[in-house]
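Here are a few short exercises to work through with the model open on your screen. Try each task before you read its solution.

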Amino acid sequence: MKESLSFKAPQGMMRALALYACSRYPVTGVELIRLASKLSKGLWKPSPGSVYFVLKRLREEGSILEISSEGEGERAYIITEKGKRTLSKMKDVLRRDLKK
C-alpha cells in the first residue's frame, strides 16, 4: 500500500505566500496552489476555497489589487503599498522568530 504524506500549513502561511507571490508578479489563485505544492514538494496543496478566501480577504483589506488578466477570465492579483508594508512586517517577525 502506498503511503500518502500530507502537510498542514501553519496558520497564515497562505496569506504570506499570496503576498510574496503578488509582490513578484501578477498571480492567479491556480498559480498559488501550484506554487504551494511546488515549494512543499507536493506535501501542501491548499484547496481552492482556502486560496480564494485568503485572496478575497487581502483584496478587501487593500493589500492586493485585482487586475484583469489575459486568458479565460482568471483573475490575477498584484500587491499594493499596504500589502508591501504587511509583507515586510511578516518577514521581520519570521527573522526574529528564527533567531530564537
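A residue counts as buried when its relative accessible area is under 20%. With that cut-off, buried residues come to 30% of the 100 residues in the protein. Keep in mind that this is a predicted model.

**Exercise 1. Work out how many helices and strands the protein has, and in what order they come.**

Start with the count: the protein has 4 helices and 2 strands. Next, walk along the chain from the N terminus, and the elements read α-α-α-β-β-α. Finally, look at how far apart in sequence the contacting residues are. Of the contacts between residues at least 6 apart in sequence, 48% join residues at least 24 apart.

**Exercise 2. Describe how helix 2 packs against helix 3.**

Two packed helices are described by the angle between their axes and the distance between the axes. So first get those two values: helix 2 (residues 29–39) and helix 3 (residues 48–60) pack at about 120 degrees, with axes 10 Å apart. Now classify the angle. Roughly perpendicular covers 65 to 115 degrees and roughly antiparallel is over 145, so helix 2 is oblique to helix 3. For the handedness, helix 2 passes helix 3 in a right-handed crossing.

Then list who touches whom. Helix 2 brings G29, V30, L32 and I33, while helix 3 brings P48, V51, Y52 and L55. Sorted by class, that contact has 7 nonpolar residues, 1 polar residue and no charged ones.

**Exercise 3. Find the largest nonpolar core and say which elements supply it.**

The largest nonpolar core holds 20 residues. The ones with the most contacts inside this core are M14, L17, L32, L55 and I64. Helix 1 (13–24), helix 2, helix 3 and strand 2 (76–79) each put in at least two residues. Helix 1 gives the largest share, with 6 residues.

Now zoom in on L32. Skip its neighbours within four places in sequence, and L32 is still in contact with M14, L17, A18, A21, V27, V51 and L55. As a general backdrop, nonpolar side chains tend to be buried together in soluble globular proteins.

**Exercise 4. Is K84 buried, partly exposed or exposed?**

First, place the residue: K84 is in helix 4 (residues 81–99). Next, check the cut-offs: buried is under 20%, exposed is over 50%, and partly exposed lies in between. K84 has 43% relative accessibility, so K84 counts as partly exposed. One last look at its surroundings: K84 and S63 are 21 residues apart in sequence, yet their C-alpha atoms are 7.5 Å apart in space.

Definitions and conventions
Residues numbered from 1 in each chain as written. Predicted model: local features only at pLDDT ≥ 70, side-chain atom pairs only at ≥ 80, totals over all residues. Heavy atoms only, no water. Axes fitted to C-alpha atoms, helices over the stretch in contact; angles between N-to-C directions. Parallel < 35°, antiparallel > 145°, perpendicular 65-115°, else oblique. Left-handed = near helix turned anticlockwise from the far one by under 90°. Contact = heavy atoms within 4.5 Å. Nonpolar A, V, L, I, M, F, W, Y, C, P; charged D, E, K, R; others polar. Core = buried A, V, L, I, M, F, W, Y, C linked by side-chain atoms within 4.5 Å. Buried < 20%, exposed > 50% of the residue type's maximum accessible area, 1.4 Å probe, protein only.
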